[in-house]
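Subject: Handover of a structure and the findings on it

Dear colleague,

Please find below the structure that I am passing on to you. I should be grateful if you would read the notes after it with the structure open.

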Amino acid sequence: MNVTTWSELDPATRAETLRRATAGAGPEVTAAVADIVQAVRTRGDAALAELGARFDGVTPPWLRVPADAIAEAVATVPAPLRSAITAAATRIRAFHEAGMQSDYAVETAPGVTCRRVVRPIRRVGLYVPAGTAPLPSTALMLGIPAQLAGCPEVVLCTPPGRDGRPNASVLAAAAECGIDTIVVAGGAQAIAALAYGTESVPRCDKIFGPGNAYVTEAKRQVSTAEGGPGIDLPAGPSEVLVIADSGADPEFVAADLLSQAEHGPDSQVLLLTDDAALARAVADQVEEQVDQLPRAEIARKALASSRLVVTEDLAEAFTISNDYAPEHLILALRDPGSWVDRVERAGSVFLGDWAPETLGDYCSGTNHVLPTAGAARWTGGVAVASFQIAMTVQSVTPDGLAEVGPSAVELSGAEGLIGHQAAVTRRLARRPS
């Protein structure tokens with residue numbers, strides 16, 4: 001990785017420095033996904049099977065996993081991993097349960113009571129990637145909030161392994177969340193199946209989960225189609241931005257960068273520091289550590305679009321970070337807590353030298369399904385509220401109508417909506433005395 005000095009870059013070069021690798025993945029991905037979605041929408045299970053064989057190179061023995069196959073697979077998961085899944089689930093559940101929405105009611109005027117009531121989304125689809133690595137952690141991150149929200153129906157899609165079956169640890173994580181409707185399908189075709197339904201896959205009201213550029217584009221396309229499902233957020237290729245000072249440990253910073261670079265070739269990692277010597281030391285550590293990774297080839301491809309940037313000071317680093325709006329933000333600073341107020345936009349923030357982003361990915365309790373591609377500018381990560389809808393309810397007595405009705409009469413008249421106005425005035429005229 002090359003070290004760049006921010007002050008030496010013109011505006012165009014600065015923009016290119018922060019440009020995500022997926023920014024240029026447009027027309028080809030869009031067209032390919034449109035074809036996949038249309039095939040699944042029109043031919044259902046047959047298209048799912050054909051596309052799965054083409055992209056995954058295997059044909060699963062079934063699309064929906066039978067209950068006995070789930071039980072058999074879960075039984076093969078080593079005890080330490082099962083314990084880790086349970087421990088992670090306990091922390092994730094505790095964190096998300098603490099932030100759940102609640103109903104409330106307010107008397108906004110005498111005789112007028114307005115309520116907000118929360119209801120679970122009826123049927124949700126969860127996508128758990130397994131393209132280059134199975135992700136049981138994602139099953140927990142999605143399944144636990146869905147369970148806490150009380151969603152009556154939860155459908156989980158995950159790609160097959162080389163044997164045509166879903167990964168056993170993913171099934172174990174799903175079982176931890178009480179999910180028993182599991183479909184063996186991946187990629188854009190899985191998203192299309194969840195969006196429109198097939199003979200084997202129930203049509204879902206909202207789709208959740210991270211994925212590559214094809215999965216992210218498929219979520220976008222189905223959510224913008226007439227009658228399409230909702231989606232959680234753009235949760236595409238992983239990214240991390242580290243802001244580090246001169247006291248940061250180069251070994252730790254490099255490890256944090258590589259932990260995200262190994263996700264996929266379209267991941268992006270960035271370092272912003274006010275210390276040029278640290279930047280060079282991190283570059284050396286990255287080169288030393290990357291060769292020790294089994295996924296070194298993938299990580300190196302991601303590093304090609306990643307940057308080490310020297311800023312004038314830490315304040316400038318935070319300005320750049322807020323413009324970039326990273327999925328993950330690590331503050332490798334001596335007093336990280338004092339800088340949190342400077343963070344305006346980020347999916348999840350990790351404070352200090354002993355808070356690796358890996359903990360958030362797996363077991364600290366926060367959610368790892370987070371906004372990517374700058375979407376942290378306008379949304380946060382997945383939570384229980386993501387699996388719920390909030391309705392307002394109001395009750396009005398005749399006296400309450402007399403209290404607030406005149407305001408409605410004036411406002412509707414000002415807008416020229418006389419039918420609206422009449423719905424009030426006719427009632428006022430017949431109000432019991």
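The notes below go from the whole chain to two helices and then to the empty spaces.

**The chain as a whole**

Please bear in mind that this is a predicted model. The protein chain contains 15 helices and 14 strands. Along the principal axes, its C-alpha atoms occupy a box of roughly 85 × 55 × 45 Å. Of the 433 residues in the chain, 49% are buried. Among contacts with a separation of 6 or more, 75% are between residues 24 or more positions apart.

The domain assignment divides the chain into domain 1 (3-22 + 236-365), domain 2 (27-100 + 125-231) and domain 3 (397-429). Domains 1 and 2 are thus each given as two segments. The centres of domain 2 and domain 3, taken over C-alpha atoms, are 50 Å apart.

**Helix α7**

Helix α7 covers residues 187-196, and 10 of its 10 residues are buried, so the rest of the structure largely encloses this helix. The buried residues are G187, A188, Q189, A190, I191, A192, A193, L194, A195 and Y196. They pack against two helices, α2 and α8, and against the strands β4 (123-127), β5 (153-158) and β7 (206-208). Just after α7 comes G197, which has a positive phi of about 80°.

**Helix α12 and the residue after it**

Helix α12 (314-324) is also mostly covered, with eight of its 11 residues buried. Those residues are L314, E316, A317, F318, I320, S321, N322 and Y324. Their packing partners are the strands β9 (239-244), β10 (268-273) and β12.

Both ends of α12 have a feature to record. At the N-terminal end, D313 acts as a cap, with a side-chain oxygen 3.3 Å from the backbone nitrogen of A315. At the other end, α12 is followed by A325, whose phi is positive. The phi of A325 is about 55°, although this residue is not a glycine. A325 is placed in the loop between α12 and β12. Is A325 buried or exposed? Its relative accessibility is 0%, and A325 therefore counts as buried.

A373 is another residue that has a positive phi of about 55° without being a glycine. A373 belongs to the loop between α13 (357-362) and β14 (388-396), and this residue returns in the next section.

**The second largest pocket**

The second largest pocket holds about 450 Å³ of space. It is lined by 25 residues, of which T22, A213, T216, P237 and A373 are the closest to its centre. Which helices each supply at least two residues of this lining? They are α2 (26-56) and α8 (213-224). The largest share, five residues, comes from α8. Helices α2 and α8 are also among the elements against which the buried residues of α7 pack.

By class, the lining of this pocket has 11 nonpolar, eight polar and six charged residues. Where does the pocket lie with respect to the domains? Domain 1 and domain 2 both contribute residues to the lining, so the second largest pocket lies between them.

**The cavity**

The count of cavities of 30 Å³ or more comes to one. The largest cavity has a volume of about 50 Å³. Its lining consists of A248, D249, F252, V253, D256, I330, A332, G352, D353, A355 and P356. Seven of these residues are nonpolar, one is polar and three are charged.

Two elements, α9 (250-261) and β12 (328-332), each supply at least two residues of the cavity lining. Helix α9 gives the most, with three residues. Strand β12 thus appears in two places in these notes: it helps to line the largest cavity, and the buried residues of α12 pack against it.

**Points to look at in the structure**

- The surroundings of α7, with 10 of 10 residues buried.
- The cap on α12, from D313 to the backbone nitrogen of A315.
- The positive phi of A325 and that of A373.
- The second largest pocket, between domain 1 and domain 2.
- The largest cavity, with α9 and β12 in its lining.

With kind regards

How values were computed. Residues are numbered from 1 along each chain as its sequence is written. This is a predicted model: local features need pLDDT of at least 70, side-chain atom pairs count only at pLDDT 80 or more; totals for chains, interfaces and linings use all residues. Side-chain values use heavy atoms; hydrogens and water are left out. On a 1 Å grid over the protein atoms alone, a cavity is a set of points where a 1.4 Å probe fits but cannot get out, and a pocket is an open set with protein on both sides within 12 Å along at least five of seven lines; lining residues have an atom within 4 Å of a point. Grid points are joined across faces, edges and corners, and a volume is the space filled by probe spheres set on the points. Helices (H or I, at least four residues) and strands (E, at least two) are DSSP runs, numbered from the N terminus. Ala, Val, Leu, Ile, Met, Phe, Trp, Tyr, Cys and Pro count as nonpolar, Asp, Glu, Lys and Arg as charged, and the others, Gly among them, as polar. Domain bounds come from an automatic or database domain assignment. Buried means under 20% relative accessible area, exposed over 50%, partly exposed in between (1.4 Å probe, protein chains only). Contact means heavy atoms within 4.5 Å. A polar contact is a pair of N or O atoms within 3.5 Å; within protein, one must be able to donate a hydrogen and the other to accept it, and residues adjacent in sequence count only if both atoms are side-chain atoms.
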